[in-house]
Structure formats: structure tokens, C-alpha cells
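Student: I would like to go through this model by question and answer. Please show the sequence and structure first.

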Protein chains: 2
Amino acid sequence: MAMTLDMRRARSQTDVDVAIARDFLYGNREKWEEHNELVKIMCEDPTFDKSQRLYMSRSGRYNNGLRMMNRIHELQDKHGWSSHQMTKAASLMDEPTGFHLHLVAFEPVMRSQASPKLLARYEALVRNRGILGCYLQTELAHGSNVSSLETTATYLPQTKEIEINSPTPTSSKWWVGGAARTATHGVVQAKLILPNGRDVGPHLFFVQLRSLEDHHVLPGITLGEIGPKAMNGNTAVDNGFARFDHVKIPAENMLSKFSQVTEDGRYIRPPHAKISYGGMLYIRSSMVSSGGWTVAKAVTVAIRYATVRRQGNQDSGGLERQIITYPSVYNRLLPILARSYVFILLGRSLEKAFAEMAERLSNGDTTLLAEMHATTSGLKVLVSTSCAQDIETVRRALGGHGYSAYSGLGRLYADYVPAATYEGDNFVLDLQVVRAALKAYSRFVSAEKPSICNLSPSTQYLHLLLEPVVETNAFSWQDPGSCVNLLEQRAVSLLRDLVLHDSDRDASVEERVSRAVTEAFVAEQIMAYIGDIQNGLPEKSAEVLRDLLHLYLLTTVELSLADLLSFHLLPLPGAHGTDISGDASRELRKAVQRLCLKLLPQTIGLTDAFGFTDWELDSALGVFDGNVYETLWNKVQTEPLNESEVPDGYKEYIKPVLLRGQRMAAKYGAKL
Amino acid sequence: MAMTLDMRRARSQTDVDVAIARDFLYGNREKWEEHNELVKIMCEDPTFDKSQRLYMSRSGRYNNGLRMMNRIHELQDKHGWSSHQMTKAASLMDEPTGFHLHLVAFEPVMRSQASPKLLARYEALVRNRGILGCYLQTELAHGSNVSSLETTATYLPQTKEIEINSPTPTSSKWWVGGAARTATHGVVQAKLILPNGRDVGPHLFFVQLRSLEDHHVLPGITLGEIGPKAMNGNTAVDNGFARFDHVKIPAENMLSKFSQVTEDGRYIRPPHAKISYGGMLYIRSSMVSSGGWTVAKAVTVAIRYATVRRQGNQDSGGLERQIITYPSVYNRLLPILARSYVFILLGRSLEKAFAEMAERLSNGDTTLLAEMHATTSGLKVLVSTSCAQDIETVRRALGGHGYSAYSGLGRLYADYVPAATYEGDNFVLDLQVVRAALKAYSRFVSAEKPSICNLSPSTQYLHLLLEPVVETNAFSWQDPGSCVNLLEQRAVSLLRDLVLHDSDRDASVEERVSRAVTEAFVAEQIMAYIGDIQNGLPEKSAEVLRDLLHLYLLTTVELSLADLLSFHLLPLPGAHGTDISGDASRELRKAVQRLCLKLLPQTIGLTDAFGFTDWELDSALGVFDGNVYETLWNKVQTEPLNESEVPDGYKEYIKPVLLRGQRMAAKYGAKL
């Protein structure tokens, strides 16, 4: 189909150079080309066709996931993909499966925590999927509180074995992706029990679950499906339960890079209490960029649809208005567009920082661990909470058709939303973020000579404790730096107030402090991105991207108004020539609106810059050419239920109801 | 299974008399008994068993819906149910179907807008389901903007017929519940075109869609399924599309109670422009109480689960703490419990008001219409936005298991969430709420002698324009009246500011004003409920219910902090003996927390008062006896995928991947 007029016009009016913005998002031209290359191969391969998946049963979806997994290995051989490319291709499958847990959980944990001896034997098998693994941590009765897990791993010195056992029904491993049907092996988290009966807490153990001959479950182990997920999410993932009845494994199967049990049963503790957290931090740090890209998809669909959907009042051309021109629509969508950019950029920074930390960690250097833990925890909460909400906000902004499965956004939401819970429930992680912030605060204020140079990036905002606040007359909503300063003041104020009332906290203070310190950190990062943009990109594109990041800052300030006003941090409107008795937030809201209106002509360019193909978006409302109604109509024709005109249950259920009603109505003289 | 210790203890410690609170929620003892009677009959009938529905295909779910519809008619005959009881039973089916649209949309619109002649012929058929109807309004390209619908209904004076036509693909009726496969008839909204070519706007027409002999679609009509819904919601509803190719119907099939076409083609306009809005108002007003009851289910599940789930730190008894005792958990759940109570009470008030209006309307008296329109629009937005968010908040508060389909909350959310879009997109309705509020405001301030007596309930807050604000030293968070006063001040301030900047609105002002005026209205209603409670209920129960409504008010104030602080409406903390430089909102948050802690021992009683059976909740986590893990375990055993140990795709897809990997690993010397 040809591009619709609205879409053509929108593309022609953008100032942002799509290729430049795209390279900026992907990191550089090579990374985009690598991505694009993979997409091309996959979207032309019928194995990765998505047109039927909405109509498949759960086992059909699971089976189709296996089919894709198998095909992706064939393609790896054919095209000589690196491990990195393979992992990218797996995520392009756009269907989370048990296999993905091998890549994102099992393999990293094995690589970072298995002993050299265990790795020598299994590393190549793990890397090439000669075995398929899963990661068994959560239990039926315990999740976020890992220290209370019930599964035991008892060292038996006589045979140099370890016995894995599920002592109670509630100790059953639960929610384990890939465990129900796919994985052959797993890493089990269990309390290590020494021969003297001492429990030295949770450790990791490599356990074979199924026969490599025929895939049958090994003796002593019970595996099964835990059933469908809410909102039909993650349908193709075989989340499983697992119970172990005194299953013996060789002692060397303990992942013992950092802590060990000697042959005679003594425990050797790790050099740093949290050195084994590396794997978890890897998943959390990768969640920032994946959240950003997920919302990028959602908002691309919405901005395209809102560009071609016309409704309501007539515009100057005599047509109904494009819905994106309505304040209630652009005011919802553009801040989300800004957030998706910011999270993608943050994700890249974080992956770099993680790589550095992992490098050091592998040499036993734990100096970066605490900072990485603080940053990834805060960002995991912020990003997963925001992204889940933003996907749903975007879906609703599409109006009625957003509720069609063909919009693609329901699936995005249902698959994404557990991110708020896994890898540490957001409300539990908040406590850890606050703990780290309080520690940094007290270290800073109790230092003999507090110095800004000693502040880590995640606590940079504490510089305000030494430096004077920006003068009110220098304040301007037009200045991103003013927003950053406000967000830093908010973090410091909330934290200081928490210290003051530490023994009498209110019930939401951790959530608010966690958000405040994380948003201060993000705001500071954005100033750095703005610098990069202004130094590295052509002027027009740079201005658009700068505006977009500025919009992120302004709307973040807007969302934190209750905090800012509670601590009297918002500059009084009187200082800017407006009536002091009026709405103190109005100037901010008008600044948001002005920036939205300025960015409006850029939105199609900014979403095109994500580089999504129609195959990647899989949304009738987000098609590149703007022919949304035709696409929706064509989709409807593929609905198998439309093959018959009269439903199966007609004779058995509909006809009797009608006949009964007609009989009864006849008593009142009604006839047809 | 016996009741768990935690649940038994929780039940024993409640001060609220469950039966009294239950009767209060249902209206009176008789209504509860009627409800309970129906539940008993249905939950014992195998037709309404819910244990398999999660595993059914879409067509299986649809067919099962038909089966229930048919059975419910048999039960009506058997038990002599009234129409009212029948409708209640249909909602207890707990599975929205096309048939429900007959009850909630088709039947009311026929009854209120068909001519006496048309009713004489069809009313008994409609009432007894001798025909099954649907309501065809939304089109592919138009929803909320009804005035731009494209479907035409042209009066043909020669034959005294009306020709229904879909002139374009985008004029296809879309989203019509029941149209795809169930309904035999429908009411079509179409632009009435007079013989002189004049378009007199949208009117309603009664059209037969399918043969009553064999259910085949009649000539000139194309019907079909529009495909699955987002998040697998409303799976059993056959939402359809419909196209009309010059379909002729008798002229008397126009629903002409209020406006008519004469035989010679002249148009007789209705006595009041909005007199036909009655049907829409009916649906909107019923959405208030159904939203409340839906959230009641969700929060019952969550409070029960949070009472028996233990995690984290040890409590005084040496056990891990019940998760409901964590601030981040009770702070999320208890305000939601309060909202469910409030919405249920509001729903009942509204239904009463609606009945009075409908009674008057049927006599051509439109005096109550505008007020009803303002109230139902504002409440529809408030309730559907809150409830959708609350269901999801509750689901996440359950942690990992909340994402299991067995929690039941994913389904609740997926089915509920379109309520934010249908019957007027919330963001579009906001505009109408604001318009009505502005009108009332300007009428009041421009009146020669503005009098409080002339204020309708929905604009009662305007009394503040005449009366002085409560003195600061009389202000107390312990006083519900102080909260009401704050919420009224907020409504007035926002509205006054909007008038001031009417030509330069910010982008979210309608959303904020709509919420502010509606919440002021709700707050005033709550004062009346508190009065009823204190006059009508025994002391202990009255205190608990009063506290719960007070919590609603406090948390509503908390959620409107940005408004209140922006307009300098929050009493300064200095006035209450605390440090003025600190957090201005802290006292409020502590008041919320104190009330939550006071209510904590009452929560099981307050949720038991909803009277839900396990069959109604259909949630493994919300079982009455608290045996959540056993129930979850038993549910998992019903998952059909657990019937085979090795998945179907093993040989074709898993084994080849493993063998390839083992081959490749062998090159590196790895062997198993």
C-alpha cells in the first residue's frame, strides 16, 4: 500500500535527521547495521512469521517457540553469527521462551560463578547449547527474601557429594523459566549445610534435570508447568516448578568460584559478601535498555496511529483533526517518547559500567560493586515501573482500537509487566536503594573534610550539601540545568528529612526517596548526554534531541511536584512576573506544553529513528505507511473464527433460548 | 481444608460485625439474601464451573458462554427468577459474553427509545430473548465523536422504508458486542437522511441481522469477528463488525419515541436535544457500582493473601512477618479497600438518582438530565481510571504469584480495562465534565443573588464562593470534614484558575479539573454516608466504617497534593506545632498511616463483608480458608500441559539443538 498523505506529510516536515538520530540511539552506525542485518534475515524467514500466533493455543505457542529456537541455531551456523549476534537474534524472535532464560540467566551465572574446573568441563556445552539450562531460585513460599529459601544442599564428606533436597511442599522451586519442559540442566539456589549441621546460607549448585538421551526427568526430581500467566503474558515460556527428593550431585557441581567447601567439609567464605551478586546485577542492568526499547515500540505505534487517526473538530484543512494534535493526546505521548530515549541511553551507559565492573570483579576487585548495586537497583525500579505504566498509557491513548489484540500493545504489556516484580520486587528494592543512599549521606556529612570528589555518580546530588543552590533569578524552565538542580534539591531534601524522622517513617517514604535519588542521578546523566549531543551532532538534529531530553526533565519535575512543593523548592511564580496567588505549577505546565508543541512536528522522525520494521512492531495500528484501517481490516480476515457464519453452539444453545423466548412472548401476543 | 491459623486469628480479631457491614454494602438484608440465593444455585451447577476456562481456546470460551446463557434461562424457568434476578445471575456468570450486551445495551435502548408501536410488537420478544440484540454504534474510523459517524439511514417516502448503508470501509460498525455470532437483531446508530437530502444527524434504527430460522446472516449484511482482544480480555464476547449494503427496513423501525420522520419525510425534532442520552447514562451510572465490586474482588484476594503470606523479618512470634504488616503493602491495599466501599455506595446512590430521572424522562421531563449527565460523566472517568489502576496495583502487591493466571487478577484487569475507553473515552469525557462545571460556575457567579440553595449536588462545592473557608485552627486531619473542605477548595481554585486562563489552557487542565470537581462531589457524598452510618449502625461497626471512609478522604487528599500545594491550600505544618521548613505533607502521610494501622486488624472482616464465595473470586490466592499454597498446588495439577513429561516438539526442535551444541562443544574437548 502507498504511504498515506498524513504520514507522507509528517515525514516531510521533520527537522531531525532520522539516520543521525538512529545511529545515536544504537550507539553508532555499525551497531545499527548489525541490528538491521539480523532483522532482514529473520523477517524474511517464514519461521519467524507472527501472523498466526494470536490464534495459537498455549502449547502451540510453546512449540512454535521451540521451532524458532531451533531455526535460530541453523541461522547461526549459516551466517556465522557470534554469540552476541545470536543473543540479539533471540531477542528479535519477539517471543520470550524458556530458551531465553538459558541466555540471560543460566549462562551468565555459570560463567561468572562456576569454578575453573566445572567451566572446563561445561563451558563449551553451555555456550553452544549442548545442554539447555535454567536458573532455579524462587520457591513457592519465598521470592524476594532469598535468605529464607528452604531448599537444602547438604555436603556429604563420605562420598564427596552434595544432596539437594526440597524438605517441604513450599520449598518447591517455582516460576523457573524453562524448567517445566525445555531445560536439561539448572543452577539451583539452596542453603548449603555443612557436615556439622551448620547452615551457611544460599549457594548455587549445577544440577542435571533431564536425560540427554530422551529428555525424561531424572530420578528424584519432579518437574512441571505452573500454569498460564496473567493476561496471557509470556505464553510461550514454560515456567516450571521443581522438587528435589534427596538428589545427589558431585561436590564439584557447587558453583565455587568465590566460596567453597573443602573435602573434609569446612566452609571457605567468599572474599566479599556480595561478590556473587554479579549475575543479578547483569540482568538488572540489561533491564534498563530493554525497558526503553519496549516502550519505544509502544510509542512508535501510538504516534503513528495518532498521526493518521482523525476525530472530532475540523482542522484548517476542513478535515477532522489528527488526534495527536489534541492536548490530552500529545501530553500523554511525548513525555513517553522522551522517556524511551532516555532509558535507551541510560541502558547503554549502564552496560558499559557493568562491563567494567565485571572485568574487575573477575580479578577479585569489588570496589565498583556497591555503586553498581545502588545504581542498578534504583534504575530497575524506576524503569520497570515507568515502562509498565507507559505501555498501558500508550495503549489507552489509542482509544478503542488499542484494546484490539492487533494493536500489539496488550501483548507488550502482558509480557513486560512482571519486570516490576522479578529480579527484586520494586517495593523491596526501594528499601535497598534507600539504605545505600542513607549510608552515602551519613558518610558524606560525617567526613572530616567532605569533598565532592569522593561522591560516586549515584550520590552526586549530595554536592548540594556543600554548594549553594542556584540563585532564583538564574532559574528558568527553559534551562535543563534548572530542572536538574530542582531534582537534586528534592533528593537532598527528602533524604535529609528521612534522616530526621528515621525512627518514625511514613508508609511511602522509601518509595519516594528511592525515586528521588534515582531521578537525580538520571537528571545528571542527561546533562552529560546533552553535552554529547551538542558536541557531536549536526545543529538541527541536536536541537530536537536536546528538546526531547529537556522534555524528560520537565515532565520528571512535573511528576515530582508534590515533593517539590512540600519542601518549598519550586521557585515562586511571583519571581517570574506572574500572580503569586495563582497556580504555582502553571508556568511549569505551560513550559511542558510549549516544548510538546515544538516537538510535535518531529515525532514521526523521532520514532522512525528507532528503526523498527513492521515485522518488529507487529501492530496493525503502527504500520510504517499509515494505512491502519486497511491493515486492521486485513488482519480481521485472518481470524479463524470468521471461517463459519453460524457458530458451533447455535443449535445446542442459541436456538433453544430464542424458541423459549418466542414461546413466552407469544403469550403476550407478540409475533415475529 | 481447615482454616489456616493466620486466617482464624485475623477473623477473630475484627471489631466490625461482618453481617452488618455486608447488609450495609448490599443495601439491606433482603438484597444480600437475594444475591446469596442466586450464588448458591449457580455455584452448585456444573455449567458454571470455572476450573477449565483458563485452558480453553477462544471458540471454546465463546461456546461455554453460550452454554451458560442457555442454562441461565433454564434456571430462570425453574426458579421463577424475575428479570432483575436474571440480570443479576447473568453478571454472576463471571464471563462477559455477547448476551450481556442484550441485557445492558440493547434492551434498555429499545425500552427507552422505541415508539409505543414498535414496543408493542417487540417488547415481549426483547424481554424474553425471543430475539437476541446488540447495539451498533462505534465504527472503524469513529468512536467517541458520534456526530461524525458515516453510516446512513435514508428515508424513502415512496415505500415508507429506511435504507441503512455503509458508504465506506471505515463506516463499518466495529467492536459491537454480540454482533459477530450471537445477535439476531441490532439497534444501529446512523445519520438520518431526509428525502430532501438533509442530514439530521445520528438516530437509532432497529434492524434484523440474522434469520430466526437458521441464524444465517441476512442479505446485504456482512458480519464477522474483529479478532481477539488485548491481554486476552473479554475472550468470550463476540465483538463484531457489520457492514450494510443498502439494507431496507420498515420506517417504523426507527426508534422514534422522541424524534420522528413523518410519512412524507419531514423531520420532527425531539423535545430536548439530549433526551436520547438516557440509555448511555444508564450504562455509565451502572459502571460506578460494577467498578466498585470488581475492585472489591481484587482487594479481597490481596488482603487474604497478604494475611497468610509471610516473608522477610521475623515478627514477635518468631515467624516471618505477614506481608500485610509491611508499610509498602498496607499503604497500597487499604486505600483501595476504602475506594471499593465508596464506589459501591456511590453506585447505589446513583442508581437511585438514575431511576428517578428515567421516570421523569419517560414523561418528557428533562430537568434532571443535565445534572445526571454531569455526575455520571465525572464518576465514570474517576471510577474507571481508579479501578483499572487499583486492580493492577493489587495484582502487583501479590508479588510473583500475582502474575499467575490462578491469582485471578490478570483476568479481572484484562476484562475491566476497556471501561476507561468505552461509553466515552475518559479523556474526551473530561472535556464534558469541565464544560458542565464552567457553565455552573459562570451561572452562579453571574447570578443576581447567588444562592447555595440553587446548587445541584454536582456543583455543591461552589458554596465556598459565598461562605468563608474553615479557620486554620479548626483544621484537623482527624476530621473528615476538614478533608472535604480541602477537596472543595481545590475544585473551586482549579475552576477559578481555569476561567482566568480559559484562552490559554495548559495541556492537562481538563483532566485535573474534571477530577477535582468530581472528587469534591464524592467527598460531600461521603459526609452523608458517614452520617447514615453513625445514625444507623451499632457503635463498633460504625467506627470501623467511618474510619474506612475517612481513609478514602485522606488518601484522596494525598493524591491531590500537587493541586493543593500549587494553590497554597494545605495548612502549613507550622500551625500544628511542627517545623515549618520541613515536609508540608508529612502530617497528612502520618495521619494516613495511623488510620491504616488502626484499620489493619479490621481488613479481613471488611473484605469478608463483601460476601464473596471462593467460586465468585476464582482465585487460588484469595481462598476463604487461607490455604493458598495447597490451592495453588492443586490448580497446577489441573494444567493439561502436565499430562506429558516430554514436550511434543522435543524430537523435532530440542534434540537437534542439543546434538548440534554437543558436537560443537566436542571440538573444544568438552564431553558429557
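The exchange below covers the conventions, the two chains, the cysteines, one strand, two annotated domains and one serine.

Tutor: This is a predicted model, in which local features need pLDDT of at least 70, side-chain atom pairs count only at pLDDT 80 or more, and totals for chains, interfaces and linings use all residues. Residues are numbered from 1 along each chain as its sequence is written, chains are lettered from A and ligands numbered from 1 in the order in which they are written, and side-chain values use heavy atoms, leaving out hydrogens and water.

Student: What rotation superposes chain B on chain A?

Tutor: Copies are superposed by least squares on the C-alpha atoms of residues with pLDDT of at least 70 in both. The fit has an RMSD of 0.0 Å, with 0.0 Å of shift along the axis. The two copies are thus related as by a two-fold rotation axis. The rotation is 180°.

Student: How many disulfides are there over all chains?

Tutor: A disulfide is a pair of cysteine sulfur atoms within 2.5 Å. For B:C483, the closest cysteine sulfur is that of B:C596 at 13 Å, which is too far for a bond. Over all chains the count is 0.

Student: Is strand β4 of chain B largely enclosed or not, and which strand pairs with β4(B)?

Tutor: Strands are DSSP runs (E, at least two residues), numbered from the N terminus, and buried means under 20% relative accessible area with a 1.4 Å probe, protein chains only. In β4(B), residues 173-177, 5 of the 5 residues are buried, so the strand is largely enclosed by the rest of the structure. Two strands pair if DSSP finds at least two bridges between them. Over 3 bridges, in the antiparallel sense, β4(B) pairs with strand β8 (residues 239-244) of chain B.

Student: What percentage of helix does the span 277-437 of chain A have?

Tutor: UniProt, in an unreviewed entry, lists this span as "domain: Acyl-CoA oxidase C-alpha1"; such annotations may be inferred rather than shown by experiment. Its end C-alpha atoms lie 19 Å apart, and strand makes up 5%. Helices are DSSP runs of H or I, at least four residues. The helix content is 72%.

Student: Which residue's backbone oxygen does the side chain of A:S285 reach?

Tutor: A:S285 sits in helix α8 (residues 278-308) of chain A and is buried, at 1% relative accessibility. Not counting residues up to four places away in sequence, A:S285 touches A:L350, A:E351, A:F354, A:M372 and A:T376, where contact means heavy atoms within 4.5 Å. At 3.0 Å, the side chain reaches the backbone oxygen of A:Y282.

How values were computed: Buried < 20%, exposed > 50% of the residue type's maximum accessible area, 1.4 Å probe, protein only. Polar contact = N/O pair within 3.5 Å; in protein donor to acceptor, adjacent residues only side chain to side chain.
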